[in-house]
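Colleague: Please take one helix of this model and go over it closely. I would like its neighbours, its burial and any empty space beside it.

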Amino acid sequence: MSRHRIVRAIDADEEYDSFNACYGHSVEDDFCISPSTEAQFLYNRNSRSQNLSSFFQTAESVPEEDYSSEDSFSCAETSNEPISGLSSVDTAKLQSCVLALQDVVGDTIPEATLQRAAIDNDFDLEKSLNAVLQEEAPKPKRGSKKPESVPLTGPSVRAGSKNKSEISLESVSNVTDSVAKSDNDKIKKVQENTTNESSNVAKNKSVEVRSDDKTNNARKEKNKSSSVENQTTIEKRDEEQKSFTPKSTKATKSGKEIYKSERADVKPLINLVVIGHVDAGKSTLMGHLLFDIGNVSQRNMHKFERDSKKLGKGSFMYAWVLDETPEERNRGITMDVAFSTFETTHRAVTLLDAPGHKDFIPNMITGAAQADVAILVVDSTKGEFETGFEAGGQTREHTMLIRSLGVSELAIAVNKMDNVSWSEERFQEIKSKLSTFLKQVGFKESDVTFVPCSGLTGENLVKSPEEPTLKKWYSGPTLVEVVDNFHPPERPVDKPFRLCISDVFKGATGGFCVAGKIEAGFIKNNDTVLVMPAGEPAVVKRISADEQSLSYGFAGDHVMIQLSGIDINSTPSGSMLCSIEKPVTVATRFEARLVIFNISVPITKGFPVIFHYQSLSEQACIKKLVSQLNRSTGEVLKNKPRCLTKNSSAVVEIEVSRPICIELFKEFKDLGRFMLRSGGSTIAAGLVTNIK
């Protein structure tokens, strides 16, 4: 039993005698540490709730010390404000160069002359100094005003603004800071140099006065010829300015050109989502396919088999390839979208395994919104197919969701055919029922392919059928061959950059990362992006996909981006990274065209819904019923209808509870689609037509 001090028996005076002598006080003895009045207590409470960042923003900057002396000598100004016609970077370079020139020549030459020399020589100190020394500028008198700077515009400024993208902002700021913070010793040295230069100039002038008349006449003729040359140069510059085209505009490549140069030797990318009713065998099917392709090692597969048998779920060993969390493995269902990649003969595939349980439909919508094509997995076992398709299962709902989210190509994997002895009759029965429904949803017959297979045995997944019964009546493609024949969509790489954040996590090398699919445009390392709706800039430090670093990320890529210069709390899931030049629209109210599904309660004005947009889920309300439309033609049937019934189409106004990032369908198709849910079921799909 551990020993404790008997607190009650402690003599406080003896125990804490000379306590103050040992540890001392940071405050006076008669100072009251805790607030003695209500006003002090409230003040302390309020002061703790103040925002520290706002204090720094309103704090006044401390003026720098004035180094001017009695003889009117002063350091050059180091203002960081951009001069007219120059960017802030070039302004900093100009000031740095002028300061360095003044250290050599002092105040004998006007600042305007130094500025012109620096600009004409592309801020090169040595060239600018040679140009200044070749000119013979008169020495200003002591006490006279400093010549005003000539406005820095025209071709000379443009000539000095080359290679702006190669300039480091940090290096320029360091140069200006070091010049502004020079000590008194350096200033004294500059004064001495200035005095020496002034005496040298005076000596040279005295020598010039004593020179003969011939020399003076030759110099006058030389000055006349130089003035004529300068006038000709000015005229040429004026002509160049009229027809000036920035070199950066000519050299800038379009998104398509960069995409072709970077991805010329890479297989076209398609994003594939796997959907279907719960327990249809989606994860087992795709896990076995990944194992047969070679993406999963034999060692890992043996581990999955051993661990699954310990839990009494031996048939789930292939599902564990994609279901990685302990909760998913214990429950035997997929709960979140699982990502994986593999390659076929002609395609690079990003696989999204979506959950099938009705409780996780929002997660399924997130995965379907990022997909280009889909595989619908159905259970061919008698009674199981009917449960998922006819009795309110997720087969119908998932199919309508992916079609409403823009997926047009579909493969139907008729799974668990080994349970029905590879029956052709059962396969044809399922095919006929689904074909009728898919036509009603909007799929073309040429874009739908039916494949009989078995996820547990691996039949007809990667290799051609070996089962004799199946070979008798089926001679079509395998499931991988169907995926290989999918058509990749055209990527909008020329549009402004857009990425919807689906996940946020801390990086392994410090900082934090965001994950998501690039919906439009492209991005490269060290780019500055805008995080909306927070409205804060961030710098892209690293781009990676499938644990490999990338120099560029293009539309369609699922990437992880490491950000810096922003707080992790400003980038929640559902936010969007976008271009600073053309940011995404942020709104709380917008107009949309809806397609109403099979609902039991009519939709009226003020109807509450859950708004699902990419990875965002938000409370919303139908604020106004604008008009009811013909579902086939889009013709207006009725203005301001009282309610909307099932299988109808309408234009409505929707208001969300807080500002969200959203785009018009006509400008960004993938970012102009959304879903509405209520009471645990999907009630409508919509397209954004107008943003208020």
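Modeller: A helix here is a DSSP run of H or I with at least four residues, and helices are numbered from the N terminus. The model is predicted. My pick is α19, residues 394–404.

First, the setting. The protein chain has 22 helices and 24 strands. Of its 692 residues, 41% count as buried. Take the contacts between residues at least 6 apart in sequence: 71% of them join residues at least 24 apart.

Now the helix itself. α19 is mostly covered, with eight of its 11 residues buried. The buried ones are Q394, T395, E397, H398, T399, L401, I402 and S404. After α19 comes G406, with a positive phi near 100°.

Two helix neighbours deserve a look. Start with α17, residues 361–368. The axes of α17 and α19 come within 10 Å and cross at roughly 35°. That crossing is right-handed. From α17, the contact uses I361, M364, I365 and A368. From α19, it uses Q394, E397, H398, L401 and I402. By class, the contact holds six nonpolar, two polar and one charged residues.

α17 is mostly covered too: six of its eight residues are buried. These are I361, M364, I365, T366, G367 and A368. α19 is one of the elements that cover them. The cover also includes the strands β1 (269–276), β3 (348–353), β18 (608–613), β23 (673–678) and β24 (681–691).

The other neighbour is α20, residues 424–441. α19 and α20 pack at about 35°, with axes 10 Å apart. α19 passes α20 in a right-handed crossing. Here α19 brings T395, R396, T399, M400 and R403. α20 answers with L434, F437, L438 and V441. The contact divides into five nonpolar, two polar and two charged residues.

Compare the two lists for α19. Toward α17 it offers Q394, E397, H398, L401 and I402. Toward α20 it offers T395, R396, T399, M400 and R403. Steps of three or four places recur in such lists for a reason. An α-helix has 3.6 residues a turn, so residues three or four places apart point the same way.

One residue merits its own paragraph. T395 is found in α19. Its relative accessible area is 3%, so it falls under the 20% limit and counts as buried. What lies around it? Leaving aside neighbours within four places in sequence, T395 is in contact with H277, L376, V378, G388, F389 and L434. L434 belongs to the α20 side of the helix contact.

T395 also leads to the empty space. Rolling a probe the size of a water molecule over the atoms shows where such space is left. The count comes to two cavities of 30 Å³ or more. The largest cavity has a volume of about 70 Å³. T395 is among its lining residues. So are H277, V278, D279 and A280. V377, V378 and D379 join them, as do E384, F385, G388 and F389. Of the contacts of T395, H277, V378, G388 and F389 thus reappear in that lining.

Which elements build that wall? β4 (373–379) and α18 (384–389) each supply at least two residues. α18 gives the most, with four. By class, the lining has six nonpolar, three polar and three charged residues.

The second largest cavity holds about 40 Å³. Its lining is T366, A369, Q370, C500, S502, K517, E519, Q614 and S615. T366 is also one of the buried residues of α17. β7 (498–506) and β8 (512–520) each supply at least two residues of this lining. The classes are two nonpolar, five polar and two charged.

To pull it together: α19 is mostly covered. It has a right-handed crossing with α17 and another with α20. Through T395, it also takes part in lining the largest cavity.

Terms used: Residues numbered from 1 in each chain as written. Predicted model: local features only at pLDDT ≥ 70, side-chain atom pairs only at ≥ 80, totals over all residues. Heavy atoms only, no water. Axes fitted to C-alpha atoms, helices over the stretch in contact; angles between N-to-C directions. Left-handed = near helix turned anticlockwise from the far one by under 90°. Contact = heavy atoms within 4.5 Å. Nonpolar A, V, L, I, M, F, W, Y, C, P; charged D, E, K, R; others polar. Buried < 20%, exposed > 50% of the residue type's maximum accessible area, 1.4 Å probe, protein only. 1 Å grid on protein atoms, 1.4 Å probe; cavity = no way out; pocket = protein on both sides within 12 Å on 5 of 7 lines; lining within 4 Å. Points joined across faces, edges and corners; volume = space filled by probe spheres on them.
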